[in-house]
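Student: Could you take me through one strand up close, with its neighbours and the cut-offs behind each term?

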Amino acid sequence: MSRRTKQTSDEHNSLDRRKFLKAATLAGTGAVAQTVVAGQVAAAESSTASSSERHTVQIASREAEQGTPHYDGATQTTCGSDFMVDVMRGLGIEYVAAIPGNTFKGLHESVINYGMTSAPSLELISCMHEEISVAISHGYAKIAGKPMACMMHSTVGLQHGAMALYNAWADRVPVFAIVGAQLDASKRGGYVDWAHSVFDGPGLVRDFIKWDDTPISLRHFAESATRAHKFSITPPYGPTVLAVDQELQEDPIKSGETLVIPHEPLIAPPRGEDGAVNETARLLVAAENPLIVADRAARTPEGLRLLVELAEELQAPVVDIYGRMNFPWRHPLAQTRRQALLAPNADVILGLELTDFWAVTGNRLAPGAKRISISAGDLYMKSNYQDFDRFTPVDIAIAADAEATLPALIEAVRKLITPRRRAALKARGAQLAKDHQETLEQSRAAAAVGWDLQPITTARLCAEIYEQIRNEDWALCNGTIFQNNWPQQLWTANHHYQYIGDAGAYGLGYLPGASVGAALAHRKHGRLAVAIGGDGDLMFTPGALWTAAHHRIPLLYVVHNNRAYHQEVMFVQMMAAKRQRGITRAHIGNTITDPNVDFAKLASSMGVYAQGPITDPKDLGPALQRAVAVVKRGEPALVDVISQGR
Amino acid sequence: MKSIHACVLLASLVMFSVAAAADDPTSTTAGGDPAAGKRVFFADGCFYCHGTTGAGGGIAGPRLAPNPLPLEGVKAKVRTQSGRMPVYSPAVLKDSEIADIVAYLQSIPKGKDAKDIPLLNR
């Protein structure tokens, strides 16, 4: 059935974001092909129409490059990109984030006219920048527990998205990325097509993705897409990239061609070797001062539950690096704020998916202390980008997924604890509970300092936010290091989805997109998604707010507006002091003032309800209350708060 | 991209002990001027890491007030390497300016008690 044969001039122009629509005339119409869907993709079979049964319209004319595309009248009954949509749906992908680019216009059209109109839905999330597309995918995956797709234009699109892919790589998060490609040079049009063509597109990001491929047939695409998806969700998680040729997307499926969508296996994450696990259990049970340090340990809710079980069996303190929601923040064994006291005195330190084991103790290791690592990072790493952090000599390195290894470790620990030992452990736990409570009181006392101050302290900011959301099913979508970890100090969080960690590589521009992606995943659960982000970060990728408004993604975005790139001031001060040139000019290039940015106006301009700038702490609670009401109605809201640096 | 490691080190190595410092008999402002100290505190950018009233900035910079270290303690922190805290020589920050800053920090009132703030007792 032919769906579209005409397009308005406005629609023509809308295709012309980068003025590079290519010329193409299709040969062959009415091709008959067969799509075979296997295994998990049975749902795709129930689609209202299969990819081999529909028609699409092909844009032709080199004039398209100049913004006036028209059709040559050629039509076709099938297209490769509809099959690609079926493959993605078969992999359980529900969303694809993208900003248009002509090297994936075939896929774009298939997503909106096939993926979004038949079940199971594959919905296009409209974005303003490829960095946002990838960041949305990044944040979504940390809540959904599975990747969504993002599509990027060849060359310039992937270049825009590259830094966000690096964040996902460093954060061990799956992203299913597709970049367009024009492989056949004879099919390229004018200079724009050539400028947007590359022989090896994914090579740009190969240092920080898990895998890539450039399929040359639809069968090849199906197999490589399944492989890419499987790799991305096999620990250690990571992004993958497929470069997909335009002709492969746009050409009809060959007559009589049988296409198979491979079913994806259940993924069994690598578990630690039994002997090493048993030795780890022996050391932990015998230890007088064991310490568990968790970074990206809890991949799933089960990971949090297992870590609680291990800690309680051992009555051992847990230091959370906050890479994920690893451990309940108010659990008596949560001892993160006491890391500086605990780590140098620990006789056994167990690091779970720790990226930077060195930072736990540095050189301040107790004599004879043992360090044990359980990390899937040992299974897959690359060399050029150095996000693997400083080498740390550990005594046992278990190259395995920590969450998958915890059941065996817990069982081994349980077998080794005698009744007498259990009594001793109980006493240790009681002391730790007391320490936890004291730490909480210290945090509260520290939060009270400067309570009525202007600019508003980050402690007051976080306490006021919590007051408005604490009776809701809330979920925090940002890392908290730039807010002094006040949420972890002052709030109660017990669920895995209530915190997702930070960017991974601390590449700015992450949070606006990632929080929108996380909020997208929270939406169907009815959770109140909240993000606290810096003004500098938001200035990188403010367009994410438009995406939230456009797609009615409920998200409370609170701007921690300190009007500066605060971190860097100190470094410049250091340089200036060392060179004896005075330190009164260190703010130049670091502050975001003169003029001040009005984030409420910025958000309002994109259809987001906004409050601010809030300068008086007395006004903060009511402003947040109004914003939360909007979010609970299913829309995004922003509150701009003039805050202390940290 | 922002490096955070420096600040983590700073926080762990430069944590000021503020307890009861105001009662320390050795504590002295050495004739510092609180108003001048406030001007220097802002002009030299101390507030970026330590907050506008020395309330602290977590890992970026420890709390300095209320109850700041005595003058000699602050001077030692300013003049000698301590973690990643910049070292400020007399050519950059005069002794009299440090005294003014200490006087400013000493002028900052204690503020509310956490127990009196409902939001901190949830």
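Tutor: Sure, let's take strand β4 of chain A, residues 95–98. Tyr95(A) and Ala97(A) point to one side of β4(A), Val96(A) and Ala98(A) point to the other, and all are buried (20 or more other C-beta atoms within 10 Å of a residue's own, with C-beta atoms placed from the backbone). Strands here are DSSP runs of E with at least two residues, and helices are runs of H or I with at least four, numbered from the N terminus. In a regular strand, side chains alternate between the two faces of the sheet.

Before going on: this is a predicted model, where local features need pLDDT of at least 70, side-chain atom pairs count only at pLDDT 80 or more, and totals for chains, interfaces and linings use all residues. Residues are numbered from 1 along each chain as its sequence is written, while chains are lettered from A and ligands numbered from 1 in the order written.

Now the neighbours. β4(A) pairs in the parallel sense with β5(A), residues 123–126, over four bridges (pairing takes at least two DSSP bridges), and Tyr95(A) sits opposite Glu123(A) there. Together with helix α4(A), residues 105–115, these strands form a right-handed β-α-β unit: with the strands pointing away from you, the path from the first strand over the helix to the second runs clockwise. β4(A) also runs parallel to β6(A), residues 149–152, joined by three bridges, and Ala97(A) has Cys150(A) as its bridge partner in β6(A).

Key
Buried ≥ 20, exposed ≤ 12 C-beta atoms within 10 Å, placed from the backbone.
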